Amino acid sequence: MRFSFITLYVKNMEKSLAFYQGLLGLKVQHQMAMGDSEFVFLGEDGQPTIELIASPSHQNNTYTGFSVGIAVNSLPKATALLQANGHKLLRGPISPTPQTSFSFFEGPDGEEIELIEQR
């Protein structure tokens, strides 16, 4: 088995794409609509993806209890970018080892985003 994707039900696809694609730089792999739902898969070829689903039937969901891990080249630069764009730092930076640092942010729908720098 290998990790393939994580699904996030989002309230506003444009806002979520501005975050995941615009700020974090994830590439849109595939986009489609089915009925009143919109689906967007983001990530790199051959790697696990994030599936965003915007659907009127999921607008009242709460989005807690998990985090989405995003690898970054520079945790200080990524942290500054997210904070400058109004995203709340929940905790961190934390360095459990000299080679790894991470910080947790609140995403556009209340999901937890973990930025990870591995040196």
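Okay, let's start with a question: is Ala18 buried, exposed or partly exposed? Ala18 counts as partly exposed, because its relative accessibility is 45%, and the partly exposed class runs between the 20% and 50% cut-offs. Before I go on, keep in mind that what you have up there is a predicted model.

So, where does Ala18 sit? Ala18 is part of helix α1. There's also a long-range pairing to look at: Ala18 and Pro108 are 90 residues apart along the chain, and their C-alpha atoms are separated by 9.4 Å.

Stay on that helix for a second, and let's talk about the core. The largest nonpolar core has 24 residues. Tyr20, Ile50, Leu52, Ile70, Ile113 and Leu115 are the ones with the most contacts inside it. Two or more residues come from each of these elements: β1 (5-10), α1 (13-23), β3, β4 (49-54), β5 (67-71), α2 (75-84) and β8 (112-118). Of these, α1 gives the most to the core, with five residues. For background, nonpolar side chains in soluble globular proteins tend to be buried together.

Now, Tyr20. If you skip residues up to four places away in sequence, Tyr20 touches Leu8, Gly25, Leu26, Leu42, Ile50, Leu52, Pro108, Glu111 and Ile113. Pro108 is on that list, and it's the residue I just paired with Ala18.

Next up, the pocket. The largest one has a volume of about 430 Å³. There are 21 residues lining the largest pocket, and Leu26, Ile50, Gly69, Ile70 and Ala71 lie nearest its centre. β4, β5 and α2 are the elements that give two or more residues to that lining, and β5 gives the most, with five. What's the lining made of, in terms of nonpolar, polar and charged residues? It divides into 14 nonpolar, six polar and one charged. And if you're following along on the structure, Ile50 and Ile70 turn up here near the pocket centre as well as among the best-connected core residues.

Last stop, Ser37. Ser37 is in strand β3, which covers residues 37-42. Ser37 counts as buried because its relative accessible area is 13%, and the cut-off for buried is under 20%. What does its side chain make a polar contact with? That partner is the side chain of Ser55, at 3.0 Å. Leaving out neighbours within four places in sequence, Ser37 is in contact with Met32, Ala54 and Ser55.

That's my tour, so let's open it up for discussion.

How values were computed: Residues numbered from 1 in each chain as written. Predicted model: local features only at pLDDT ≥ 70, side-chain atom pairs only at ≥ 80, totals over all residues. Heavy atoms only, no water. Helix = DSSP H or I, 4+ residues; strand = E, 2+ residues; numbered from the N terminus. Buried < 20%, exposed > 50% of the residue type's maximum accessible area, 1.4 Å probe, protein only. Polar contact = N/O pair within 3.5 Å; in protein donor to acceptor, adjacent residues only side chain to side chain. Contact = heavy atoms within 4.5 Å. Core = buried A, V, L, I, M, F, W, Y, C linked by side-chain atoms within 4.5 Å. 1 Å grid on protein atoms, 1.4 Å probe; cavity = no way out; pocket = protein on both sides within 12 Å on 5 of 7 lines; lining within 4 Å. Points joined across faces, edges and corners; volume = space filled by probe spheres on them. Nonpolar A, V, L, I, M, F, W, Y, C, P; charged D, E, K, R; others polar.
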